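Here's one to go through together, question by question. Have a look at the fold first, then we'll dig in.

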Amino acid sequence: MTIKKVWIEEGCTACGLCEDICPEVFKLEDLATVIKGVNYPDYEEQIKEASESCPVEVIKYSE
Amino acid sequence: MKNLKTMYMGIEIDNPIIIGACNMVTNIDKLKKAEEYGAGAIVYKSLFEEQIQLERFQMDEELTEFNDINAEMLTTHPHTEHAGPDEYLLNIRNAKESISIPLIASLNAINNDSWIKYAKLLGETGVDGIELNFYQIPSDFKKDAKEIEDEQINLVKEIRKVISIPVSVKLSPDYTNILDFIKKLDKEGVNAFVLFNSFFQPDIDVINEKHIKSYNFSNEGDYKKSLRFSGLLFNNIKADICSSHGVFTGADVIKMILSGSNCVQVVSTLYKNGLSQITTIKQELLEWMDSKNYKSIDEFRGKLSENKIDDHSFVYQRAQYVDLLMNSEKIFGVIH
């Protein structure tokens, strides 16, 4: 299974943890955003870690 | 007008809510926002021994990268962009200049040389104080508790010789007798104690049979061990007391101050609620003080510490456990 889509639901607190874990996929502006055009399977482990570590559990992905 | 001023490391701060060391407030924008939201002080993210060693390793690699070509190139090709700790020192200097509230550096080293060298360098950046984060997991089966404690006390003595700014020590609760250890550090002139640091704990994914990497946030209610030792230390040490770990709300801050803390450090609540939580906590504290007619923190600080309550043994020591057992039916009802 590879990651096909990554998105962030409402409720981000802008803590920046996802960007710390995987700056290739997540960027913190006012809130966290997903960088477009990234090949997600290249960063599968980091995306999953960011999702599991998110303190408000708003980082989602589909496989 | 309520006065929220209190002391931390012998420094007067505008209010007792300090942002603990974390990655959330490292860039200038975030630091300024934290100040706008009303933080009393900020502890800048820790400089770790691993960073120092990694950079030394990278530097060694870079310095020898061209050895096979021409040794003279060492002087013309150092990749100085990997300054590592140097970059950290520059960042913290810039951070200090960007805000007007106190900024505290945090250091977590392993080797004595690193502790002393970087404490001195951090002290030269203009920060208001240094937090020594004694975050260490015992991993040596041959080292006893006294040896570890003596090393840490000596380390504080050595660091005290090279820096003149205030020093705090952030501790683990896992000392055999933390009261004795704190008292000894207090005699060495530590200006504040932070109770307690949060360890990253390992976990295992049983499906894939591998270790899991995840951040360990504290949870609401985790503050109780800090509260206990804050209550026991109040008026027994010269240093200021700062409670940490599981402080989420204004009510938590009030509890810590009632037990004897001068201030608190918050981290997890900011990750879970955003930096604006500082304003919320501060507002809750002000409203409570208003409802109780307190005009300053000093009016109620330590009011419920061990040496201010009538029955010393009841709340903070073992007797509460005995009481709970003896009166379990009264407290929990009869279990059928």
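**Helix 8 and the domain contact in chain B**

Just after helix 8 of chain B, Asn235(B) takes a positive phi of about 65°. Helices (H or I, at least four residues) and strands (E, at least two) are DSSP runs, numbered from the N terminus. Keep in mind this is a predicted model, where local features need pLDDT of at least 70, side-chain atom pairs count only at pLDDT 80 or more, and totals for chains, interfaces and linings use all residues. Residues are numbered from 1 along each chain as its sequence is written, with chains lettered from A and ligands numbered from 1 in the order in which they are written.

Q: Is helix 8 of chain B largely enclosed or open, and how many of its 10 residues are buried?
A: Call a residue buried if 20 or more other C-beta atoms (placed from the backbone) lie within 10 Å of its own, exposed if 12 or fewer, and partly exposed in between. The buried ones here are Ser226(B), Leu227(B), Phe229(B), Ser230(B), Gly231(B), Leu232(B) and Leu233(B). So helix 8 (residues 224-233) is largely enclosed by the rest of the structure, and the buried count is seven.

Q: Which helix gives the most to the side of domain 1 of chain B that touches domain 2 of chain B?
A: An automatic or database domain assignment sets the bounds, splitting chain B into domain 1 (6-302) and domain 2 (305-336). Their contact (C-beta atoms, placed from the backbone, within 7 Å) takes eight residues from domain 1 and five from domain 2. With three residues, the top contributor on the domain 1 side is helix 8.

Notes:
Contact = placed C-beta atoms within 7 Å.
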